[in-house]
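Let's work through two short exercises together. Keep the sequence and the 3D view open, and try each task before you read its solution.

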There are 2 protein chains.
Amino acid sequence: MAVYTDVSDEELETFIDSYDIGALTSFKGIAEGVENSNYLVHTARGPFILTLYEKRVRPEDLPYFLGLMEHLAAAGISCPLPVRDREGRILRELAGRPAVLISFLEGLWVRRPSIEHCAGLGRALARFHLAGVDFSMTRENDLSLPGWRALFDAIGASADGVIPGLKDTIARELDYLGANWASGLPVGVIHADLFPDNVFFLDDKVSGLIDFYFACNDMLAYDVAVCLNAWCFEPDTSFNITKARALLQAYERERTLTEPELDALPLLARGAALRFLLTRTYDLLNTDAGALVKTKDPSEYLRKLRFHQRVRSFRDYGLGAH
Amino acid sequence: MAVYTDVSDEELETFIDSYDIGALTSFKGIAEGVENSNYLVHTARGPFILTLYEKRVRPEDLPYFLGLMEHLAAAGISCPLPVRDREGRILRELAGRPAVLISFLEGLWVRRPSIEHCAGLGRALARFHLAGVDFSMTRENDLSLPGWRALFDAIGASADGVIPGLKDTIARELDYLGANWASGLPVGVIHADLFPDNVFFLDDKVSGLIDFYFACNDMLAYDVAVCLNAWCFEPDTSFNITKARALLQAYERERTLTEPELDALPLLARGAALRFLLTRTYDLLNTDAGALVKTKDPSEYLRKLRFHQRVRSFRDYGLGAH
């Protein structure tokens, strides 16, 4: 839940006036998202979202994220479209922060995804991967193996204060992944954070994807693995193989996973679990008690990691042989 | 900033279906208000606000607040109007909380009120007081003298940990107000919390009042005193007499303040300053570090209290004799 920056009346009015979207009629902070400040803006022309980028987003990455949104929208993917001001600019500044006005996307994110939602997500993910193929910009995934090692170094022995034995578990997993990490798989633009709160549904159908601020170029199957973790476990962290099958089969109706991708899936799922285990542990250790952010439970991702460590093949995710 | 309660998909859908407002198209938590959870709801029929009442609101007070909103709206005051469900009910339950759907009010609250805004507020306040005259329900002000004493008892010596010497300052002020508190002044429905974030403007004109959850029956001039404190001090806590004059003169164009009301104004302003000094101190001492609420600075209201302690007459607020 996040609104980190206060915007003054005069600044806001001048800012909105620089767009051809009519007069401002409402302005409310939104209690969602943890990386940026988001505001719902109503004008005579309808609703918009105003995003102020806080310190965790690097300004030099913004052209990639914003260019991607424009590229995807042009390719028919339903996602927020950055709005250009009267001078044609997308990236602006407001209250000392990089700021962007984007179109408002209708839909609701689901708190408890059903099998049908998982299928919808799988289909949307594959279409997103296909639409990204001809996006010309690139951005490295700074939360892959080297980034995980850096996070682990920063966390160090404090990990055991979060969960006893965590330091050793992470060290061994990093060693294993370092020795076995996948290569040579199909790469492209991945979302890298496609959790349920970043996927909107209307009438149980995907109405749009949001929040591209972890997007980067990496193995497409890694994105699938992130989604398996985020969508196919129940609240008690039991793995729902029916949801996984629905997700993967729907994905494959749009884009076939290669045999090497399928074989790598358990490994990628371990990596994806470790990534969120690391960032959640880091956030827990580095969030001020006074910060207005709800930190997320790292142990959920430790349990998911342990599940994938025991998986023998992609068939354990509900898919038959090709 | 507040969203305390998570609403499940099924509960929300069933809830919205029980109103004749079309299908749900968007649902976002709002990062404003500290007492309740507020959500912006979009349906085919337009925007609405959904409020879940958290523990600080007593359910038995809700009929007064909701009845008042309906009464005011019928009297032509622009304020949120509770929406009735298909069975004609206003007060509902959702996620184990009392819940109400209210109309969406266009407008923005001003972060830095101008003289013109203070005049607009004064006029709106007087009209609100006049509209409340024939509201038949009553609710005692539980944040007047006896309530202040109870808060002070709860805070006790901890006050000095917040601001050195605060305990003694409050004790002496409570003695003074107890011996001199006003009586016999015109009473009626007061808002009791009409801070800038509860007053919406469009084009620098008041477009509506919100948040009636401290409303009660008390001296009308006390409500004026609350507004003098909330609207007429600059960020450095210097008193802006031009703003106060604008507020009071605009108020008086709608409803004349009696001589006893004017004479009592400095006293009422001291009481109003003490009220927020006490609640802010209490909140600071009783908010979990982990709670997602920004606590407000008590010392701001200590400085306002000290200002009014030095005031000799209502003329110090910019008004001439009648």
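**Exercise 1.** In which order do the five strands of the open sheet in chain A lie, and which are the edge strands?

*Solution.* Start with the terms: strands are DSSP runs of E with at least two residues, helices are runs of H or I with at least four, and both are numbered from the N terminus. Two strands pair if DSSP finds at least two bridges between them.

Step 1: the order in chain A is 1-2-3-5-4, with antiparallel pairing.

Step 2: strand 1 (24–29) and strand 4 (92–94) of chain A each pair on one side only, which makes them the edge strands.

Step 3: strand 4 of chain A is joined to strand 5 (residues 97–103) of chain A by three bridges. Here A:Arg92 stands opposite A:Ala99.

This is a predicted model, in which local features need pLDDT of at least 70, side-chain atom pairs count only at pLDDT 80 or more, and totals for chains, interfaces and linings use all residues. Residues are numbered from 1 along each chain as its sequence is written, chains are lettered from A and ligands numbered from 1 in the order in which they are written, and side-chain values use heavy atoms, without hydrogens and water.

**Exercise 2.** Which classes of residue line the largest cavity?

*Solution.* A cavity is a set of points on a 1 Å grid over the protein atoms alone where a 1.4 Å probe fits but cannot get out; lining residues have an atom within 4 Å of a point.

Step 1: the lining includes A:Arg139, A:Asn141 and A:Phe214.

Step 2: sort by class: Ala, Val, Leu, Ile, Met, Phe, Trp, Tyr, Cys and Pro are nonpolar, Asp, Glu, Lys and Arg charged, and the others, Gly among them, polar.

Step 3: the result is seven nonpolar, one polar and three charged residues.

How values were computed: 1 Å grid on protein atoms, 1.4 Å probe; cavity = no way out; pocket = protein on both sides within 12 Å on 5 of 7 lines; lining within 4 Å.
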